[in-house]
Amino acid sequence: MIREPVKVSRREFLIRSTTASTGFALGLTLPGLGPMAIAAEGSAAEDPAAEAPEINAWVVIQSDDTVVIRIARSEMGQGTLTGLAQLVAEELECDWSKVTTEYPTPGENLRRDRVWGSFSTGGSRGIRESHDYVRKGGAVARQMLIEAAADAWGVPMAECRAENSVITHLPTGRTTTYGKVAQAAAELWAPEQVVLKDPKDWKLIGKPVKRLDTLDKLNGKQVFGTDLKLPGMLNAAIRACPVFTGKLESFDADAVRNMPGVHAVVPVLDNAVAVIADTWWQAKAALDTLPVTWDEGPHANLSSANIDALLDEGLTSDETVFVGNAKGDVTQALETAAKTAEAVYAYPYQHHATMEPMNATALWTEERCEVWCPTQNGEAALEAAAEAAGLPISRCDVHKIHLGGGFGRRGAFHDFVTQAVTIAKQLPGTPVKLLWSREEDMAHGHYHPITKCSLVGGLDENGDLIGLQVRISGQSILASVRPRSMGDDGADPVTFQGFHPEGDHAISYSVPNLLVEHAMRNPPVPPGFWRGVNINQNAVYLECFIDELAHAAGKDPLAFRRTLMADHPKSLAVLDAVAEKSGWGAPAGDGIYRGLAVVKTFGSYVAACAEVSVDQGRVRVHRIVAATDPGYAVNPQQIEAQVEGSFVYGLSALLYGECTLENGAVVQRNFDDYRCMLLAEMPKVEVILMPSGGFWGGIGEPTIAVAAPAVLNAIFAATGRRVRSVPLRHLDLSAPVTQMA
Amino acid sequence: MAKLNINGSPVELDVDGSTPLLWVLREQLGLTGTKYGCGIGLCGSCTVHIDGKAVRSCTLPVSSLDEHRNVVTIEGLAAEDDHPVQQAWAELDVPQCGYCQPGMIMAAAALLAEHPEPSDGEIAAGVTNICRCGTYNRVRRGIQLAAEIQKRGEAS
C-alpha cells in the first residue's frame, strides 16, 4: 500500500472504467449504475465530477464534499458494499451522509498493479480479508487531506484534526473541508505509514447504518445484468447439452431462421447452440422449436442410483482415502468403549438457484472485448472473457453489474461469460446479451456436492465421548474446480470444513481419539462452492451425531456438548447464549421441541436453537435463536439481515433442496420441482450478536450450517426419530418410529 | 398490434399477441424493474398490478389485455417512489440483492389495498414470492409498518 506507483486522473479512471479508452464509447446512459458507468468518453469530459481528484485508489473527493469510495468486492445482497465503505470512512473521518461508492474494473486493477487487491467475493471474506488494507486506504487519504490543509495554513500537521469531513486547526479554530483541499491533497505523496484507530475509538464501525444501495431497489431503477441495454444490442438464448460432458452434434438453423426477430443461430463451444434475435423472448421462442441433435457422450446413463452406489462403496473402501484430522487411537478407543453408536447420513446435490438466472453481455471486435456481467469475481470474469475473446487481457475488460444473487454460483465459474463472448465473437461489433432460461440455469449449475458420512462414536462408563470415527464419502469441489489448490497428497481440505484440528473451520469439540477421513468419489456432475460450502453437510453429520451420542449416553444434548468444549470457550459462549435465550431445559410450549447445533466456520463462532413441532408428519419450525461471534461486527443491522436470510437458505436446503440425476441430466427444471421456502414457512429468528473483538470472522455463510442440524435434532426431540438424510420432503414423519430409527 | 394501458398511459405496440406481458414491459417498453425469475408464474419476480390486483406477468399473453385494463408496474407504483410499502422498505432496509423486491413490493402493495391491516395469515397467504437471499422476516415487518404508514396517511 502507501506509495502508489501510478495515479490516474479521475477523468481517465472514468473513461477507462466504462469504455477502456480505445474508442469503444457507446454513449452509454445506464440508469442506476452510478457516475462511473454513465461516463463514456464524451460525457466524462463534460461531467464536473470527473474532474474530482483521486486522493488515493480508494478515495475520491469532489469539490462539494461528496466522497466516492471504491469497492473491489461485489455486492450481491450481503451488504459488503456498505460494510467496506464503513471501514474506509471510519479511518477517513468523512461525513457518512456524503458517501457514495463505485466499482473499479478488473482491467483497471491489472493496469495499476492490483492496487485494489482481490476482487473475489465468496467465502464470507469481503470484510474479513480486506479490513486491514481498506482501512489503511482511508487513513492514508485522511493524512493527505490534513497535510494539504496544514500546508495551506502553514501550520504543523500535528496541530490539525479531521472529523466529519472538516479539518480544524486546533490552536486557532480555523476550519476547512475535504472538498476544498482535495485537489491539493491529491498532489501529495502518500505517507509511508499510518496508524489505524484503536477499536474502542470507532465511531462508524459497529453502527447499524442503513445500506447505501437500498433506494434504487425499491422503484425498479437498480440495473441488474438482465436489465442491461446497449445501443444496437441483440439478445441470445442458449441451450447446452443437458448431459454433462455431452456435445452438440447438429442443429437445423433453417427451421427457425425466418421466425420473427431472428438474426442468427450459432454453435457455442462444443456443447451448446444459441439463437440471437432482436428480443430475448423471440430468441427463446425460436430456440424452443430448434431441432438439435446431441452426442450425449459417456455419461448418458448416469443416474442418482449410480452415484449412490459409488458413495456407498466409499464409506468402507481403502481406495483414495484422505485424512483430515487424526488424534489418539480411535480403533482402540472404540474397542474398549463401554458403549458405541453408529449412523450413516446422506446429503444430496443442491442448486444455487439465484433469482437472477446466469447472464452476460459482450461486445467483441478484433481489437477489443468488453463484458458487462453480474460476477462475484471481476478478475476471474476478465480472465474468462480474454480467453474466449482470443485477445490479450490488456485489450479486454469487465464491467461489474449488480448481482441478482450469487451464493457462490457467480464466483469460481464464468461459463456464462465464456459463452457470451463466444457468441459475440460471431457478431463482431454488435453487443449481445446472453440470458439463460430458468430451465437452462437448473440444468447447468455447479452443484453443492453430494456426500455421505458414516460415523461411529464410543462412550466410556460415564457416558463421556472417548472416540469418534468419521468417514465422508463423496465429491470434492477442488478436484473439479481448483486442482492446483489441493494438498500435495491430492486431498481436498474444503471437504473437511468443521472437522479441521484448527483454523477458520475447526471442530468445536475436544475428542481424545478422533479420525476424520474422506473417500474422494467424484461423479461426472460439476460441483461448486455453494453458500456455506461443505460445512453445511458436515454440520448435519457431526451435530446430529453428537446429539445421537448424547442420547446414547443418556445425557442432555447441551450438557453432553459442554463437556467436550472446555477448550473451545468462544464456541461454548455462543452455545450457552442460545440455550439461555431459548429457554433450554424449560418446556418450549405445547407440542414444540428444541434442538441445538454449534459450529466454528469462516472464522466465526455460531450456534442455533430451533423450536419445532411435528404434527401428523408435518414439520413446522416456529422459532430460531441464533448466536454469532464474528470478532468485530461492522454493521449489526446487516448482520441481523444476513443471519435471518441464512436460515431461509439453510432451511430451504433442509426442507426441499435436492437435484437428482436421470439419463445423465439433472431432473429438476424450475421452481416447481426445485422448491424453495416461502414466507409462510419462515420462523421467527432471534439474532444474538456477541462480538468478542480481536478477530474478523465472516457473516454471510456461518449460520446456514446450524439451520439444518438444529431442526433435525428438534425433530428427534419431538418424534424420537433420527432423520439422517436431506431433504425432509421425502420423509413420512407420521410413519411408525421403527421405520425411521 | 396490442393496445395497452401501462402506468396510466395508453400504449400501442407491434407485438405477437402470445408474448407474455413481462417481455413486452421489459424489452419493448424498457420497464426493466419487473423481473424474469422462472417463466412459469411461480416465483413472483414478475408481479405487476392489473386493475389493482397482483398478477404474474411472465405467463400472461399480452393478447389477453386491452386498453381498458390498467397495468401498473413498479416504476408506476407511486409518482415519488413514496408508496407506504416503499417507505417501509426503505425504513427497514428490506432488500438484500434486490432482484425479487419489485415483485415483492407489488405483491405487498396489492395485499395492503385489499387488507389494510393484514393478519400474519393474510400476509403469508398474500405474499408467495420467492426470495433466495431470505428477506422474508423483514418483508413481514415491512408490510406491518406499511400498514401503519398507510393508516397514518389516511388519518392526516
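**Figure 1. D93(B) takes a positive phi of about 50° just after helix α2(B).** Helices (H or I, at least four residues) and strands (E, at least two) are DSSP runs numbered from the N terminus. The model is predicted: local features need pLDDT of at least 70 and side-chain atom pairs 80 or more, while totals for chains, interfaces and linings use all residues. Residues are numbered from 1 along each chain as its sequence is written, with chains lettered from A and ligands numbered from 1 in the order in which they are written. Helix α2(B) spans residues 84-92, and its buried residues are P84(B), V85(B), Q86(B), A88(B), W89(B) and L92(B); buried denotes 20 or more other C-beta atoms within 10 Å of the residue's own, exposed 12 or fewer, and partly exposed in between, with C-beta atoms placed from the backbone. The cover over these residues includes α3 (101-114) and α5 (136-155) of chain B.

**Figure 2. Strand β1(B) pairs with β2(B) and with β5(B).** Pairing requires at least two DSSP bridges between the strands. Strand β1(B), residues 2-6, has A2(B), L4(B) and I6(B) on its covered face and K3(B) and N5(B) on the uncovered one. Antiparallel to β1(B) runs β2(B), residues 9-13, joined to it by five bridges, with V11(B) opposite L4(B). These two strands form a hairpin with two residues between them, and N7(B) in the turn has a positive phi of about 50°. Parallel to β1(B) runs β5(B), residues 70-72, joined by two bridges, with V71(B) opposite I6(B).

**Figure 3. Domains 1 and 2 of chain B meet across a contact of 15 and twelve residues, respectively.** Contact denotes C-beta atoms, placed from the backbone, within 7 Å. On the domain 1 side, β3 (47-50) and β4 (53-56) of chain B each supply at least two residues, and the largest share, three residues, is that of β3(B). This side divides into five nonpolar, eight polar and two charged residues; nonpolar covers Ala, Val, Leu, Ile, Met, Phe, Trp, Tyr, Cys and Pro, charged Asp, Glu, Lys and Arg, and polar the others, Gly among them. The automatic or database assignment places domain 1 at 2-76 and domain 2 at 84-155 of chain B. Their C-alpha centres lie 21 Å apart.

**Figure 4. Chain A contributes 45 residues and chain B 44 residues to the contact between the chains.** On the chain A side, the elements that give two or more residues are α8 (280-289) and α18 (636-655). Helix α18(A) provides the largest share of this side, eight residues. By class, the chain A side holds 21 nonpolar, 16 polar and eight charged residues.

**Figure 5. Chain A is assigned three domains: domain 1 (10-217), domain 2 (225-297 + 358-435) and domain 3 (304-350 + 447-739).** Domain 1 gives 21 residues and domain 2 gives 24 to the contact between them. Helix α5(A), residues 106-111, has the largest share of the domain 1 side, with four residues. That side comprises ten nonpolar, ten polar and one charged residue.

**Figure 6. V275(A) and A385(A) touch the most other members of the largest nonpolar core, which has 277 residues.** Helix α19(A), residues 704-719, gives the most to this core, 13 residues. Beyond four places in sequence, A385(A) touches C369(A), V371(A), C396(A), V398(A), V417(A) and V421(A). Such a core is a set of buried Ala, Val, Leu, Ile, Met, Phe, Trp, Tyr and Cys residues joined through C-beta atoms within 7 Å.

Definitions and conventions: Two residues are in contact if their C-beta atoms, placed from the backbone, lie within 7 Å.
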